[in-house]
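Here are my notes on the structure, as promised. Have the coordinates open while you read, and go through the points in any order you like.

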Amino acid sequence: MANSSALLSVQNLSVEFTTEDGIVHAVSNLSYEVSAGKTLAIVGESGSGKSVSSLAIMGLLGKSKAKVTGDVLFEERNLVGTDPEQMRLLRGREIAMIFQDPLSALHPFYRIGAQLVEAVQVHNQVQENQALERARTMLERVGIPSVDRVLKAYPHELSGGMRQRVMIAMALINDPKVLIADEPTTALDVTVQAQILQLLKDLQAEFNTAIVLITHDLGVVADMADEVVVMYGGSAVEHASARELFYQPQMPYTWGLLDSIPKVQSLDDRLEPIPGTPPSLINVPTGCVFAPRCKYASTVGERCLTEFPELLDVSDGHQARCHLSAQQRKILRPGKSGDVS
Amino acid sequence: MTEPIMRVTNVTKHFPISEGIFRQRQSGAVRAVDGISFEVMPGETLGLVGESGCGKSTAGRTILRLVEPTSGTVEFAGNDITKLAKRDLVPLRRDLQMIFQDPFSSLNPRHTIGDIIAAPFKVQKVKPTGGIQQAVQDLLERVGLNPEHYNRYPGDFSGGQRQRIGIARAIALQPKFIVCDEPVSALDVSIQAQVLNLLEDIQNDYGIAYLFVAHDLSVVHHISDRVAVMYLGKIMEIASRDDLFATSMHPYTHALMSAVPIADPDLERNRERIILKGELPSPSNPPSGCVFNTRCPKKTDLCVSSVPELRQISPGHEVACHYPEVISSATVHPAATGMDFIG
């Protein structure tokens, strides 16, 4: 999927941690691209490597602990191996990140105003009052009602939704080209989540930001994403447009995820959970990472347990990592018929 | 007609706020639960749904007297348990159990899971036929864990497995009523589905009634027979599951339902969403009149001056709103069209 308009291009990104128990293969050969104004969602459960991959992109994993390989191309530059000083200039200016828990991402001892002013002045040679003006505009833009009060407040004095707005304001204050949002609404109530997701969509339309959205919530994916990468056990197991992923999924893990969520619109269907638990990333199975939990592994036979499947094209712009043949998949999961354009 | 196993009448829980360093005096109260009433029938699941701070967890705990109610009565099988002395509560714990949200802090890390699941038998001095160890192993098997693992510690298990241990402990004495406080919200979706199925199976086998406290509407929809919606310590609407999702009448219920994202891009992107303005008011200083009036799109003067009582609109469907109304919820929530959208 070579795409010349891609802003951020991640190619064969791998992350390994050395621990007392052995090497943890947190991310293996992850590749994706995201263009201006588009949203790519990375979906997966705890331990699938979705957060670690974005920390690696941002250069936020300490060199001593983590071994990062592969390429992260941003405007012709490779961010992997860029020295920390250069990364600091890039972070927050070109690529910004928002985190799940705004209380731990904001500094508890500094007022919101001071933190926003610092975020501006790190990257721009401007006077403090100009920076403050920028902070005020940005807080208004993210829908904070009493801006002057919030500028003087400490993070703990704000509600969860307000803190998340402050963090979004801080992330977007230098007009970055790429925004990585790591579970931005997981800690919030649904009515506040709806406000924040709407805000992200509005800001994206205004600034043409490319968003990498990391989430475990398929409802949020359905709402936000243009393209989706499903991760399991550190690897991308499926990569497709949002519509294809929901209506023509091609990988048994994705099937399992879709069948596990209770759906308000269907009545009394028994849930079909995925049996077993996610794999240990220290002793990664030799075959497919999902094989031990896959009910179709026996359909294919030995191969699932001995050979790690490649991420192969199933149609234009849709890739899946599975040994099942196209024919078998069609029989096992017919999909929503005829309306995928 | 069968009698309810649990009848909760006008229960309140106010946590006092004190001021002063030397002489503490009460300067106010957090009205966590502010006069709630409902019934639960034997073998039924009542979902209690709401956002953080609405008092749903406190309500669950107050009903079991893990937190003492400020006023109101809780009748279990016809007997008011709010007046009982602490020691008279002990025998009732056989029938009233709880499953907690956090599978990490609710199990003692220094006890083996065998000890944890055996505790109810020992506390209640119940001698199961075949001995306690056999009973523990049967329970482990029942909740889908390996019965050989009774000697292991909670630290050896994943979140989903720990939640199964918590369930085994809760059902050890075959209780009649369990408060499930956000039992699946700490779990990944694939594991969440396993635990929800287990809770359903256990209910079918033993006829246990659940009060299922959760913030996730789709989970509540999946497991409940009836649903109560809470906001700022009060019940806003209570109805059978299908009535609530098809013909909800309270503006807060509408907003809550429209805020839940649906895992279907076409549906999700083609519906109207009611985005509530503002934030939850403080329960120590709730708005006058209807507690929802600060965020309600239908607010009038009446809503500020008078508290709407929870009143019956149709059989089994009660709403606390001056202007209850079914809105064309096809745009709010697809359940209203009665169609199964996911092929």
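Which residue in strand 10 of chain B does Ala228(B) stand opposite? I start from that pair and work outwards; keep in mind that this is a predicted model.

1. **The strand pair.** Ala228(B) has Ile238(B) of strand 10 of chain B opposite it. The two strands involved, strand 9 (residues 226-231) and strand 10 (residues 234-240) of chain B, run antiparallel and are joined over six bridges.

2. **The sheet around that pair.** Both strands belong to an open sheet of eight strands in chain B, with the order 6-7-8-3-9-10-12-11. The pairing in this sheet is mixed. From one strand to the next, the twist averages 20°. At the edges you'll find strand 6 (96-99) and strand 11 (311-314) of chain B. Each has a single partner strand, so one side of each has no neighbour in the sheet.

3. **Helices lying on the sheet.** Two are worth a look. Helix 1 (residues 56-63) of chain B lies across strand 3 (45-49), strand 7 (177-181), strand 8 (209-214) and strand 9 of chain B. Its direction is at about 150° to strand 8 of chain B. Helix 5 (residues 159-171) of chain B lies across strand 6 and strand 7 of chain B, and runs at about 175° to strand 6 of chain B.

4. **Helix 5 against helix 6, within chain B.** The axes of these two helices of chain B come within 10 Å and cross at roughly 15°. With angles under 35 degrees counted as roughly parallel, helix 5 and helix 6 of chain B are therefore roughly parallel to each other. Their crossing is right-handed. On the helix 5 side of chain B, the contact uses Gly159(B), Gly160(B), Gln163(B), Arg164(B), Ile167(B) and Ile171(B). Helix 6 of chain B answers with Ile191(B), Gln194(B), Val195(B), Leu198(B), Ile202(B) and Tyr206(B). By class, that makes seven nonpolar, four polar and one charged.

5. **Helix 6 again, now across the chains.** Helix 6 (residues 189-206) of chain B also meets helix 11 (residues 252-260) of chain A, where the axes come within 8 Å and cross at roughly 50°. These two helices, helix 11 of chain A and helix 6 of chain B, are therefore oblique to each other. The crossing here is left-handed. Chain A brings Gly256(A), Leu257(A) and Ser260(A) of helix 11, while helix 6 of chain B brings Val189(B), Ser190(B), Gln192(B) and Ala193(B). There are three nonpolar and four polar residues in this contact, and no charged ones.

6. **The interface as a whole.** Chain B puts 40 residues into the contact and chain A puts in 37 residues. On the chain B side, helix 6, helix 7 (217-223), helix 9 (251-259) and helix 10 (265-269) each supply at least two residues. Helix 6 of chain B gives the most, with seven residues. The class count for the side of chain B that touches chain A is 20 nonpolar, 13 polar and seven charged residues.

7. **Overall dimensions.** Chain B has eleven helices and twelve strands. Its C-alpha trace spans about 65 × 65 × 45 Å along the principal axes. A compact globule of 343 residues would have a radius of gyration near 20 Å, and chain B, at 21 Å, agrees with that.

Notes. Residues numbered from 1 in each chain as written. Chains lettered and ligands numbered in written order. Predicted model: local features only at pLDDT ≥ 70, side-chain atom pairs only at ≥ 80, totals over all residues. Axes fitted to C-alpha atoms, helices over the stretch in contact; angles between N-to-C directions. Helix = DSSP H or I, 4+ residues; strand = E, 2+ residues; numbered from the N terminus. Parallel < 35°, antiparallel > 145°, perpendicular 65-115°, else oblique. Left-handed = near helix turned anticlockwise from the far one by under 90°. Contact = placed C-beta atoms within 7 Å. Nonpolar A, V, L, I, M, F, W, Y, C, P; charged D, E, K, R; others polar. Pairing = 2+ DSSP bridges. Rg over C-alpha atoms; globule rule 2.2 N^0.38 Å.
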